[in-house]
Every structure is written in structure tokens, then in C-alpha cells.
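Trainee: I should be grateful for a close look at a single part of this model. Please take one aromatic side chain and work outward from there.

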Amino acid sequence: MNPSDNPVSASFKNQALLPLMVAVSIALGWILLPFYGTIMWGAIIALLFTPVYRRLLARLKWRRTPAALLTLLLVLLLLILPFALLTAALAREAALVYQHLQSGELNPSLYFQGLFDALPDWLTALLDSFGLVNFAALQRRLIAALAQGSQFLATQAMGIGQITFEFVTSLFITLYLAFFLIRDGDSVARALRHAVPLAPEHKKELISKFTTVIRATVKGNLLVAVIQGALGGIAFWFLGVGGALLWAVLMAFLSLLPAVGAGLVWLPVAIYFFVTGAIWQGVALCAWGVLVIGLIDNLLRPILVGKDTRMPDYVVMITTLGGMVVFGINGFVIGPAIAAMFIAVWDIYVTTRIDPAP
């Protein structure tokens with residue numbers, strides 16, 4: 001009898017294979033950890049553009065490589081090129097703001113002095129009780145913080161705008177991975193389905209939930225962010241606020257935070273208008289912020305994100321905030337995705353406990 005045919009020996013080998021598989025999986029994850037964001041966005045691009053690839057595949061007589069290359073060209077034209085142009089413009093504006101601060105051409109102390117002088121007596125007394133009535137010291141802190149913030153923005157934006165090696169490397173890996181995932185995505189998905197040790201119906205539910213959440217989160221949040229940032233930038237430009245593009249990008253970034261988002265930018269500016277006597281500008285900005293920018297968030301986000309993910313708005317908001325705290329900018333995707341998988345897995349577990357398979 002062949003020793004390899006012994007059931008006990010085969011069972012032992014299978015038990016030994018599991019920890020080995022876990023060990024090599026952890027090792028691979030550790031190696032790829034520095035590129036987790038790059039890999040994630042390559043997979044997201046493939047997920048979002050797979051329907052386009054399938055349409056092109058049918059038109060190109062099922063030639064996979066040309067269809068995938070054409071899909072990647074669309075990604076470059078629709079996503080990468082606009083992002084590069086916007087980043088270059090942002091780099092120039094951030095650098096210009098920093099130069100004006102350094103040269104004294106832009107003097108925030110005048111704005112702070114006007115704001116401080118316009119404060120009502122009760123608010124001045126309240127600041128005095130906290131030791132904040134010393135305008136000179138407060139001014140120095142605010143100017144230093146503003147200078148540091150603008151220098152940071154200029155440095156980071158110029159780094160991307162000048163096409164650094166790290167940026168080029170990350171972009172190349174993202175597009176390279178996206179190409180193969182677009183072309184060979186079906187075979188990769190089949191391999192994953194076979195590898196997951198769950199019932200077929202549970203696999204289908206989890207995969208469907210995961211892809212739906214990723215698509216809804218990315219498309220919905222990014223669309224809302226772009227619209228809110230553009231609307232806020234237009235308002236700032238119309239009202240004569242300096243650095244409108246810089247503020248627009250900041251509002252778009254903060255719009256990834258549900259509920260509060262762009263209000264963290266336009267509301268302080270509106271308050272400044274009120275206390276400095278620019279009443280109509282303050283009223284106009286508040287009306288625009290609440291009725292237009294805020295309405296976009298309240299109407300579009302639930303439709304584009306909450307409706308497809310089938311998660312309550314408060315769950316989406318909390319997991320988005322938590323994800324961004326833990327994972328940075330990538331967290332606005334990772335947070336809701338983890339929450340959706342958590343809900344789906346627990347739903348499967350509870351269902352199988354209540355109604356176990358015969």
C-alpha cells in the first residue's frame with residue numbers, strides 16, 4: 001500500500017497545508033503593503049470600466065488585448081489627464097499663494113485685524129476669559145499656521161505636478177494592474193470564487209455586495225465631491241475670494257465627509273463676510289451653500305451611495321470618517337466596503353444559524 005494513500009496521512013497533510021497557506025498569504029500581504037493604495041485603485045479602475053470593456057470586446061470580435069488597451073486609453077483620457085491638468089493648476093496656485101505670503105504682498109494680518117475689531121463685546125469678553133484677546137499673539141499663530149499649510153500644499157501639489165518618480169511609479173503600477181484585471185478579470189473572479197470556502201449562494205451574495213458597494217462609493221462620492229467643489233469654487237470666484245481653485249479643491253476633498261463636508265470651508269468665509277460688514281456677500285454665500293451645495297449632498301449622496309449600498313446614511317458617514325482616519329484618503333472607499341461586508345457576513349451567519357442547511 002502506498003503511504004500517500006493512507007487517509008490519516010492525507011488528513012495530516014491537509015491540516016498542515018492550511019497554516020502554510022495562511023503564512024505565505026500574510027507574507028505576500030506584507031510585501032505588497034507599501035503599494036496597497038496603488039493596487040486598490042488599479043482594482044477599482046478595472047471594476048468600474050469592466051462594463052465598457054465588455055461592450056468594446058463585442059465590437060472588436062472578442063479580441064481581449066485590443067479591447068483592454070482601448071479601455072485603458074479611455075481611462076487615461078477621462079480620469080488621468082484631467083487629474084494631471086488640475087493638479088498642475090493647483091500646484092501653480094498654491095505656490096503663488098505661498099510666494100505672496102512670504103513676500104508680504106498677501107497680508108492676512110489685515111483680514112484678521114478687521115475680523116478681530118468687528119467682534120461684538122460679549123465675544124471679546126469670552127475670548128479674554130480664555131486668554132485669547134491678545135491679538136498680536138493670536139495673529140502670529142494664525143499667520144504661522146497659514147504659512148505652513150500653504151507651504152505644505154505647494155510642496156505636495158508641486159511634487160505631483162512636476163511628475164515625481166514616486167508618482168510615475170504608482171501610476172504605472174495602477175494602470176499596469178488595471179490592464180490585466182480588465183482583460184483577465186473574469187478568470188481572476190472565477191479563481192477567487194473557487195478559493196472561498198462558502199456555499200455558492202453565499203459567495204454570490206458577498207461578491208455582489210462587495211462590487212456594488214465599491215462602485216457606488218467611488219462613483220457616488222467622487223461625483224458629489226467634484227460637483228460640490230466646482231459649485232463652491234464658482235461662488236468664491238464670483239464673490240472675489242482669492243485662490244478660488246485652491247478652495248474648490250479643498251471643498252471637493254472635504255466633500256468626501258458626508259453631512260459636514262464643504263461647509264467646513266464656505267461657512268467660515270461667510271462668517272467673515274458678516275463680521276466685516278460684507279452683508280450681501282455673506283447672505284449670498286450662505287444661501288448658495290445651504291440651498292445649492294448642501295442640496296447636492298442631501299439629494300445626490302443618498303441616491304448614488306446609500307441607495308445602492310443599502311446601508312443607512314449614518315452608517316455610511318461613520319464608516320467613511322473612520323476609514324479616512326485609519327487609511328487616509330483611501331478610507332472613503334475602504335470604510336464603507338468593510339461595513340458592507342460586515343453586514344453581509346453577519347446576515348449570512350444569522351440566516352444559517354436560524355435555518356441551517358439539511
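Mentor: Tryptophan 247 is partly exposed in this predicted model, because its relative accessible area of 32% falls between the limits of 20% and 50%. Its ring forms an aromatic pair with that of phenylalanine 236, with 6.4 Å from centre to centre and 65° between the planes. The pair is edge-to-face because this class takes in planes over 60 degrees apart. Phenylalanine 236 belongs to helix α8 and tryptophan 247 to helix α9, and the pair, 11 residues apart, links distant parts of the chain. Phenylalanine 236, for its part, is buried, because its relative accessibility is 0%.

The two helices that carry these rings deserve attention next. Helix α8 spans residues 200–238 and helix α9 residues 244–254; their axes come within 7 Å and cross at roughly 150°. Helix α8 is therefore roughly antiparallel to α9, since angles over 145 degrees are classed in this way. The crossing of α8 past α9 is right-handed. On the α8 side, the residues in contact are Ala225, Gly229, Gly232, Gly233, Phe236 and Trp237, and they meet Ala244, Trp247, Ala248, Met251 and Ala252 of α9. By character, the residues of this contact comprise 8 nonpolar and 3 polar ones, with no charged residue. The glycines of α8 are counted among the polar residues because the classification places Gly there.

A second ring pair may be set beside this one. The count of aromatic pairs comes to 7. One of them joins phenylalanine 172 to tyrosine 176, with 5.6 Å from centre to centre and 20° between the planes. This pair is stacked because its planes are under 30 degrees apart. Both residues lie in helix α7, which covers residues 165–195, and they are 4 residues apart, about one turn of the helix. Phenylalanine 172 is exposed because its relative accessible area, 54%, is over 50%. Tyrosine 176, at 48%, is partly exposed. Ring pairs also link phenylalanine 172 and tyrosine 176 with Phe179 and Phe180 into a cluster.

A last residue may serve as a further example of burial. Threonine 319 is found in helix α12, which runs over residues 313–327. Threonine 319 counts as buried because its relative accessibility of 19% is under 20%. Leaving aside residues up to four places away in sequence, threonine 319 touches Gly331, Gly335, Pro336 and Ala339.

Conventions: Residues are numbered from 1 along each chain as its sequence is written. This is a predicted model: local features need pLDDT of at least 70, side-chain atom pairs count only at pLDDT 80 or more; totals for chains, interfaces and linings use all residues. Side-chain values use heavy atoms; hydrogens and water are left out. Axes are lines fitted to C-alpha atoms, for helices over the stretch in contact, and angles run from 0 to 180 degrees between N-to-C directions. Helices (H or I, at least four residues) and strands (E, at least two) are DSSP runs, numbered from the N terminus. Angles under 35 degrees count as roughly parallel, over 145 as roughly antiparallel, 65 to 115 as roughly perpendicular and the rest as oblique. A crossing is left-handed if the near helix is turned anticlockwise from the far one by less than a right angle, and right-handed if clockwise. Contact means heavy atoms within 4.5 Å. Rings of Phe, Tyr and Trp (its six-membered ring) pair if their centres lie within 6.5 Å; planes under 30 degrees apart count as stacked, over 60 as edge-to-face and the rest as tilted. Buried means under 20% relative accessible area, exposed over 50%, partly exposed in between (1.4 Å probe, protein chains only).
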